[in-house]
Amino acid sequence: MGNALRFLYKRCCKPATAGGAHGVSTPDDGVSALSHDLFQFETTSQVPEGLNNHVVSSKKAQANWYRKLLEAWREAKPPPKTPEEASRFVVHTLKRHKKADVEGLLAYYGLPRQQKAASAPTSLPPQGVKFELQTLPVDMKAVPDGDTITVYVSTADPRESSNLPREVQLAADQRSKARAAKNYTKADELHKKIIDSGYRVLNLQNQEILARKYRIRLRGIDAPESSMPYGKEAKEELVKLVQGKCLRVPVYDEDLYGRCVGDIYCNGKFVQEVMLKKGLAWHYSAYDQRVELATWEKEARAKRVGLWASTNPEKPWEWRKNKRQGR
């Protein structure tokens, strides 16, 4: 549990009292109840039982909301403390979801409704962001090196559900029926068809989830290749940061290899920042001129950590160029 969430839950929030949808008698109690439920979700992956009476979407969709809310809560500095702040937080975090669900969630916690959700202070994405991914937990095998990750996004996500090919949904339904009939050969054939279409059926906590595959290239950094010095260490650090975690990925572009170029946020951490500060990646200044990335690399150089312990470490882009030229 993140420090900010733990602080608010243990220090700033009191147990909710009886009354209202969630047993809250005042909006202040609603903030306490929300932080409590996020804490519970982090531990159990279960949403509150009574929520079904106030929203229209399925339990699977509700779990997706709580994953997003938990990740955003960890990143909030400081986290919401007043009912108005908590209401704006919920509306902004779930801005792509059904209005009836967002309003039902606010009502469940006794939080004030936002009259103009679209005008919430932080409703606009950062400049240059094309879309944002909220991933399922990352498998360690999905990290091939220090600057690339393969992730999956549930098709219950509104953006994914609106773009889901009909033949993929049909194959997933047929696969479920084949497995129920114990026709595993047919089920495997259908799953291969799903995988070939860029999707996969994942089993998470005994629940099958149809998800879309994305390959992510970490924006603004270039880590040593696997066979270079510190290549292994860079991969291991990235695995440690993201394994088993749900990620938030603002996507800015697509590279020549079809990978989404994006920033990675995990448990309140900016992953590129960690990689640069530990000396396990270069600032890729040819493609990204952010001052903070240059500063973090400079700090690591000064401390001679990671690859900067070497006097003259080889740049990964030069290493790749030499390989292509057969040097």
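Counting cysteine pairs in this predicted model gives zero disulfides. Cys246, for one, takes part in no disulfide, and the nearest cysteine sulfur, that of Cys266, lies 8.7 Å away. A disulfide here needs the two sulfur atoms within 2.5 Å. Cys260 is worth a look as well: its relative accessibility is 7%, so this residue counts as buried.

Stepping back to the whole chain, you will find 12 helices and 10 strands. Of the 327 residues, 46% are buried. Among contacts with a separation of 6 or more, 66% join residues that are 24 or more positions apart.

Now for a pair of helices. Two packed helices are described by the angle between their axes and the distance between the axes. The table lists the two partners.

| Helix | Residues | Residues meeting the other helix |
|---|---|---|
| H4 | 83-93 | Ser87, Val90 and Val91 |
| H5 | 99-108 | Val102, Leu105 and Leu106 |

How do H4 and H5 lie relative to each other, parallel or antiparallel? They pack at an angle of about 155 degrees, with their axes 10 Å apart. Angles over 145 degrees count as roughly antiparallel, and H4 and H5 are therefore roughly antiparallel to each other. The crossing of H4 past H5 is right-handed. Sorted by class, the residues in this contact are five nonpolar and one polar, with no charged residues. The polar one is Ser87 of H4, while Val90 and Val91 of H4 meet H5 through Val102, Leu105 and Leu106 along with that serine.

How values were computed
Residues numbered from 1 in each chain as written. Predicted model: local features only at pLDDT ≥ 70, side-chain atom pairs only at ≥ 80, totals over all residues. Heavy atoms only, no water. Axes fitted to C-alpha atoms, helices over the stretch in contact; angles between N-to-C directions. Helix = DSSP H or I, 4+ residues; strand = E, 2+ residues; numbered from the N terminus. Parallel < 35°, antiparallel > 145°, perpendicular 65-115°, else oblique. Left-handed = near helix turned anticlockwise from the far one by under 90°. Contact = heavy atoms within 4.5 Å. Buried < 20%, exposed > 50% of the residue type's maximum accessible area, 1.4 Å probe, protein only.
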